[in-house]
Amino acid sequence: MTRRFFDLNIDVYVPDRWYLAAPTHPSGQEIDDIWRFFGGDPVELHERLRIPIYRPGRPLDFTTAGAGRTPILSEGAASVLRELAPSDVQLFEVEVEGQHEPYFIFNAARRLRCIDDAACEEVRLYTAEGVQAHRAGEYRAVHGLRIDKSKVGDARVFRLWGWSPPIIVDDEIKDALERSGIVGGQFDEV
């Protein structure tokens, strides 16, 4: 059977959902690089961060925090990734304002060059002549994302080289998260 892959994204249609602000140090001071959990690289974290509530509401099993879109998981969702993809993810326990249950920053610590340009609806690349010439060759926009599964290898959770927003998970992880009753996540096949 051929493996299938999905973009794990936030479900903005959960009624009365909460929204989380950017992670801070325990003192409340903003962290230096709000994008560090966005690129698909391993990170080092030497302290337990705090996640303030931006807008109160229903706690979710998967969401993102702040402008840097830091992925946040409940203990149940984190345990699925801890069990099924330990070499692909980093999980850092955080304090979410007003919550007694554990939550985790989820870092997809692998980045793969596997976008299938020809199979996507549309791709636009940065050019050497453009405003962001330092990003030449990276993706400026991707619509109707499709990946080349032959380039994935044994990865189960990863980000994409040149196009960081999607968090890609394989079908076993998707199914396990759905069986766990995940609230706040939606899956789009890529």
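Phe 5 lies in strand S1, where strands are DSSP runs of E with at least two residues, helices are runs of H or I with at least four, and both are numbered from the N terminus. At 1% relative accessibility, Phe 5 counts as buried; buried means under 20% relative accessible area, exposed over 50% and partly exposed in between, with a 1.4 Å probe and protein chains only. The C-alpha atoms of Phe 5 and Trp 163 are separated by 16 Å, and the two residues are 158 apart along the chain. The model described here is predicted, so that local features need pLDDT of at least 70 and side-chain atom pairs count only at pLDDT 80 or more, while totals for chains, interfaces and linings use all residues. Residues are numbered from 1 along each chain as its sequence is written, and side-chain values use heavy atoms, with hydrogens and water left out.

Two residues in loops come next. Asp 16, in the loop between S1 and S2, has a positive phi of about 55° although it is not a glycine. With a relative accessible area of 66%, Asp 16 is exposed. A positive phi, near 50°, also belongs to Arg 69, again a residue other than glycine. Arg 69 sits in the loop between S5 and strand S6 (70-74), and at 31% relative accessibility it counts as partly exposed.

Turning to charged pairs, the structure holds 14 salt bridges, a salt bridge being a side-chain nitrogen of Lys or Arg within 4 Å of a carboxyl oxygen of Asp or Glu. One of them joins Arg 48 to Glu 93, with the closest N and O atoms 3.6 Å apart. This pair links distant parts of the chain, 45 residues apart: Arg 48 is in the loop between strand S2 (19-20) and strand S3 (50-51), and Glu 93 is in strand S7 (residues 89-96). Both ends are partly exposed, Arg 48 with a relative accessible area of 46% and Glu 93 with 37%. Another salt bridge brings together the side chains of Glu 122 and Arg 124, at 3.1 Å from N to O. Here too the partners are partly exposed, Glu 122 at 36% relative accessibility and Arg 124 at 33%.

Within a helix, Glu 178 forms a salt bridge with Lys 174, the closest N and O atoms being 3.0 Å apart. Because Glu 178 and Lys 174 are four residues apart in helix H2 (residues 171-179), they are separated by about one helical turn. Glu 178 is partly exposed at 40% relative accessible area, whereas Lys 174 counts as buried at 13%. Elsewhere, salt bridges that share partners join Arg 3, Arg 156, Asp 170 and Glu 172 into one network.

Arg 159, in strand S12 (residues 157-160), offers a contrasting case. Arg 159 is buried yet has no salt bridge, and the nearest side chain of opposite charge, Asp 7, is 7.5 Å away; for charge, Lys and Arg count as positive and Asp and Glu as negative, with His and the chain ends not counted. A polar atom of the Arg 159 side chain does, however, lie 3.0 Å from the backbone oxygen of Pro 165.

Empty space was also examined. Rolling a probe the size of a water molecule over the atoms shows where such space is left. On a 1 Å grid over the protein atoms alone, a cavity is a set of points where a 1.4 Å probe fits but cannot get out, a pocket is an open set with protein on both sides within 12 Å along at least five of seven lines, and lining residues have an atom within 4 Å of a point. Grid points are joined across faces, edges and corners, and a volume is the space filled by probe spheres set on the points.

The structure holds one cavity of 30 Å³ or more, and about 60 Å³ of space lies in the largest cavity. Its lining includes Arg 69, Arg 159 and Pro 165. S1 provides the largest share of that lining, three residues. By class, the lining has seven nonpolar, two polar and two charged residues, where Ala, Val, Leu, Ile, Met, Phe, Trp, Tyr, Cys and Pro count as nonpolar, Asp, Glu, Lys and Arg as charged, and the others, Gly among them, as polar.

The largest pocket has a volume of about 200 Å³. Among its lining residues are Trp 163 and Pro 165. S13 gives the most to this lining, with three residues. The lining of the largest pocket divides into five nonpolar, three polar and four charged residues.

Terms used:
A polar contact is a pair of N or O atoms within 3.5 Å; within protein, one must be able to donate a hydrogen and the other to accept it, and residues adjacent in sequence count only if both atoms are side-chain atoms.
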